[in-house]
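Trainee: I would like a close look at one part of this model. Please start from a single side chain and work outwards.

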Amino acid sequence: MRRYLPAFGLALLAAPALAAPIPSFDDPRALLVAVYEQIEASENWETFDSDAAFDEVDTFSSDLYASFAAADAALKAEGNEIGVLDFSPFINGQDSGGMDFAVGQPKIKGDRAVIAVDITGYQHQQITFELVDEGARGWKVDDIILPGYDGSSPERISSYFANPF
C-alpha cells in the first residue's frame, strides 16, 4: 500500500491544474457572458472554485487556438517561461479588480458574430470580439480587437500571436 501513496499524492497535486472543460454554446453572447461571469467570480478567492473553471484559451476558435499555441511554443523555446499571454485579452490586463463588464448584443451574419464588451472601472475601454460558430464545438472567439494604448491603433490578438517578439 505504501508504494502507491506517492503516486496517489502526485495525482492529487496534478488534479487542480486541470481546467474544467468549457461547455458548447449555441449563442455567441452566452459564451462571453460565461467568460465574464467567471472573471467576476474569480475576484472572490474564498468562494471561487478554480477546479470548476475553464481555461480562457478554450474559448478560442480552432484557428485562433492554433495561432496561440504556435506563438506560445515559440516564446517558450526562446526561454520565456510565461509564454505569449501574460495578460487576459478578455480584460486587456492582468487584474480585473474594480472592473465592471457589459456584454453587448451580437451582430450575427451566418456563422459569424461580432460583440463589443464595455469595461468600466478605473478607466473605460471597449473590447470587440469576432466569433465563429464551429458546429459541434459551438460558438468560439475567432479574434479579439483590443483598444490601443495612449491613442495608438487597436490591435488584433491574432496579429499579436503572429508576431509575439
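Trainee: Take Phe129. Is Phe129 buried or exposed, and at what relative accessibility?

Mentor: Phe129 is buried, because its relative accessibility is 0%. The cut-offs are these: buried is under 20% relative accessible area, exposed is over 50%, and partly exposed lies in between, with a 1.4 Å probe and protein chains only.

A word on the ground rules. This is a predicted model: local features need pLDDT of at least 70, side-chain atom pairs count only at pLDDT 80 or more, and totals for chains, interfaces and linings use all residues. Numbering runs from 1 along each chain as its sequence is written, and side-chain values use heavy atoms, without hydrogens or water.

Now the setting. The protein has four helices and six strands. Both are DSSP runs numbered from the N terminus: helices are H or I with at least four residues, strands are E with at least two. Along the sequence the order is α-α-α-β-β-β-β-β-β-α. Of the 165 residues, 35% are buried.

Back to the ring of Phe129. The structure contains 10 aromatic pairs. Rings of Phe, Tyr and Trp (its six-membered ring) pair if their centres lie within 6.5 Å; planes under 30 degrees apart are stacked, over 60 edge-to-face, and the rest tilted. Phe129 pairs with Tyr36: the ring centres are 6.4 Å apart and the planes stand at 80 degrees, so this pair is edge-to-face. The contact links distant parts of the chain. Tyr36 sits in helix 2 (residues 28–42), Phe129 in strand 4 (residues 125–133), and 93 residues separate them. Tyr36 is buried too: its relative accessibility is 3%, and that of Phe129 is 0%.

Another ring pair has a different label. Tyr160 and Phe161 have centres 6.1 Å apart and planes at 45 degrees, so they count as tilted. Phe161 is buried, at 3% relative accessible area. These two rings belong to a cluster. Ring pairs join Phe60, Tyr65, Phe68, Phe87, Tyr160 and Phe161 there.

Return to strand 4, which also carries Glu130. Side chains of opposite charge can pair when their charged atoms come close. The rule for a salt bridge is a side-chain nitrogen of Lys or Arg within 4 Å of a carboxyl oxygen of Asp or Glu. That rule gives five salt bridges. In one of them Glu130 meets Arg156, with the closest N and O atoms 2.9 Å apart. Glu130 is in strand 4 and Arg156 in strand 6 (residues 155–156), so the bridge ties together parts 26 residues apart in sequence. Unlike the buried ring of Phe129, Glu130 is partly exposed, at 24% relative accessibility. Arg156 is partly exposed as well, at 32%.

Arg156 has a further partner. Asp143 bridges to Arg156, with 3.0 Å between the closest N and O atoms. Asp143 lies in strand 5 (residues 139–146) and Arg156 in strand 6, so to speak two distant parts of the chain, 13 residues apart. Asp143 is buried, at 6% relative accessibility. Through shared partners, salt bridges join Glu130, Asp143 and Arg156 into one network.

A separate bridge joins Arg137 and Glu134, at 2.2 Å from N to O. Arg137 is partly exposed, at 35% relative accessibility. Glu134 is partly exposed, at 24%.

Two further spots round out the view. Leu64 lies in helix 3 (residues 62–77). Leu64 is buried, with 2% relative accessible area. Leu64 and Ile144 are 80 residues apart in sequence, yet their C-alpha atoms are 9.6 Å apart in space. Then look at the backbone of Asn92. Asn92 is not a glycine, but its phi is positive, about 55 degrees. Asn92 falls in the loop between helix 3 and strand 1. At 11% relative accessibility, Asn92 counts as buried.

So, to return to your side chain: Phe129 is buried because its relative accessibility is 0%. Its ring meets Tyr36 edge-to-face, which links strand 4 to helix 2. In that strand, Glu130 bridges to Arg156 of strand 6, and Asp143 is part of the network with both.
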